[in-house]
Amino acid sequence: MTTLFSLSFLAVLMEVLKKVKIKKVAISIWIGMFLIISYLVLKDGWDDGFYLMIPFSFVTHRYNQKEVLRRYCLSMFCGIFLIIFLCKIGILQNIVYHDILTGETREYLGFNWTTFGPNMLFGAIMAFIVIKDKNIKAWELLTLFAINYWFKLKTNTTAVYLTVNLALILDLIGKSNTVRSIILKNRVVQKLATHIFSIVCAFTIIFQLFYNSHPNLSIMKEANLASNYRLGLNALAFSNYRITIFGQKIVFNQNGHGRNYFFLDSSYIYILFTGGIIALVSICWLLNKVSEQAITSENYFLLVALFVLALHSVTDPQLVDIRNNPFIMLIVPSIISLRNTLNVRMLGTV
């Protein structure tokens, strides 16, 4: 969480400091943020991933979007199939459990949790869609549909299954130049797309607050069941913890799959409580910038991936971890690209 917080906040800070002419002020703010985040690491037991943020930013800004995603996609697919292979030959354990709450039988396939494999697949497929764009072949799409279905049979991860299928269907639709042109030129789509993460985040929190106030309504009970009890778990966080500026350390219980289980699967709710208001606002703002860059460059397939990511983040912690979300790595390149585009337009009007 510290990596996410520091990357998002410092990237926003970088944009603000461009308008600050006094170097001493900028240096003071950077030192102050370093001390504050270091204090949070020591006080609240946050991870020390903050210190990886600096080399990470330097590495990613040197590459364009497709180069970043191509490296991610290759490494993720190789990692997924290596783990499954090691599981099949008995080196890694394939735990099978019967979920008390849902009555489902789910397999780990060698991963730490049943959802790890499918969520890693989600990130890999989203990256694959972007780097292949309109050149993705029919047999590649069918293969991805089949792999996604196999994971669904083994791990019973419905949210990933549905969102991956949605992305693949939208990819098929986007093969038409006419469809892409209509969508990308539509002003309503452009407005929604450039604020997609903020919109979905606000809707998630508002709906959760409504559930918290009316948990006994039949429609809310059905919604909680459909979400695999995620709404009820989110409600526990609102009851037991405060929403703060910098977040807090929350001890989750993922060892049991019965009544003692506690985890915040929604990215937006997770970041709100563990990262705080600043982290949530910052990461939504920055990913909106990536979406804005997709509109500016008329990159339909990146727009599709971001749209599906925003939806999937309602039920899964996709925004929390770079492992499952390659688009966090596009934040710095996208901001640089937007800045360069704006400079070119300004030069063109002179």
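**Rings, cysteines and crossing helices**

Visitor: Let's start with F81: what is its relative accessible area?
Guide: The scale here calls a residue buried under 20% relative accessible area, exposed over 50% and partly exposed in between, using a 1.4 Å probe and protein chains only. F81 falls in the partly exposed class, because its relative accessible area is 39%.

Visitor: Before we go on, what kind of model is this?
Guide: Residues are numbered from 1 along each chain as its sequence is written, and side-chain values use heavy atoms, with hydrogens and water left out. Local features need pLDDT of at least 70, side-chain atom pairs count only at pLDDT 80 or more, and totals for chains, interfaces and linings use all residues, since this is a predicted model.

Visitor: How many aromatic pairs are there?
Guide: Rings of Phe, Tyr and Trp (its six-membered ring) pair up if their centres lie within 6.5 Å; planes under 30 degrees apart are stacked, over 60 edge-to-face, and the rest tilted. By that rule, the count of aromatic pairs is twelve.

Visitor: What angle lies between the planes of F77 and F81?
Guide: These two rings form a stacked pair, 6.3 Å centre to centre, with 10° between the planes. They sit four residues apart in helix 4 (residues 65-88), so about one helical turn separates them; helices (H or I, at least four residues) and strands (E, at least two) are DSSP runs numbered from the N terminus. F77 is buried at 15%. As for the angle between the planes, it's 10°.

Visitor: Which helix holds Y161, the partner of Y149?
Guide: Y149 and Y161 make a tilted pair, 6.3 Å centre to centre with 50° between the planes. Y149 lies in helix 6 (residues 138-155), so the pair ties together parts that are twelve residues apart in sequence, and Y161 lies in helix 7 (residues 158-173).

Visitor: How many disulfides does the count give?
Guide: A disulfide is a covalent bond between the sulfur atoms of two cysteines, and the rule here asks for a pair of cysteine sulfur atoms within 2.5 Å. The sulfur of C73 has its closest cysteine sulfur in C78, 9.1 Å away, which is too far for a bond. C284 doesn't make it either, because its closest cysteine sulfur, in C201, is 4.0 Å away. The number of disulfides comes to zero.

Visitor: Which term describes helix 10 relative to helix 12?
Guide: The axes of helix 10 (residues 196-213) and helix 12 (residues 230-240) come within 10 Å and cross at roughly 85°; axes are lines fitted to C-alpha atoms, for helices over the stretch in contact, with angles from 0 to 180 degrees between N-to-C directions. Under 35 degrees is roughly parallel, over 145 roughly antiparallel, 65 to 115 roughly perpendicular, and the rest oblique. So helix 10 is, relative to helix 12, roughly perpendicular.

Visitor: How many charged residues are in the contact of helix 10 with helix 12?
Guide: Contact means heavy atoms within 4.5 Å, and among the residues that meet are F207 and Y211 in helix 10 and L231 and F238 in helix 12. By class, the contact has six nonpolar and four polar residues, and the number of charged ones is: no charged residues.

Visitor: Which residue in the loop between helix 14 and helix 15 has a positive phi?
Guide: The loop in question runs between helix 14 (276-296) and helix 15 (300-312). The phi is about 55°, although the residue is not a glycine. It counts as partly exposed, with a relative accessible area of 43%. The residue is E298.

Technical notes:
Ala, Val, Leu, Ile, Met, Phe, Trp, Tyr, Cys and Pro count as nonpolar, Asp, Glu, Lys and Arg as charged, and the others, Gly among them, as polar.
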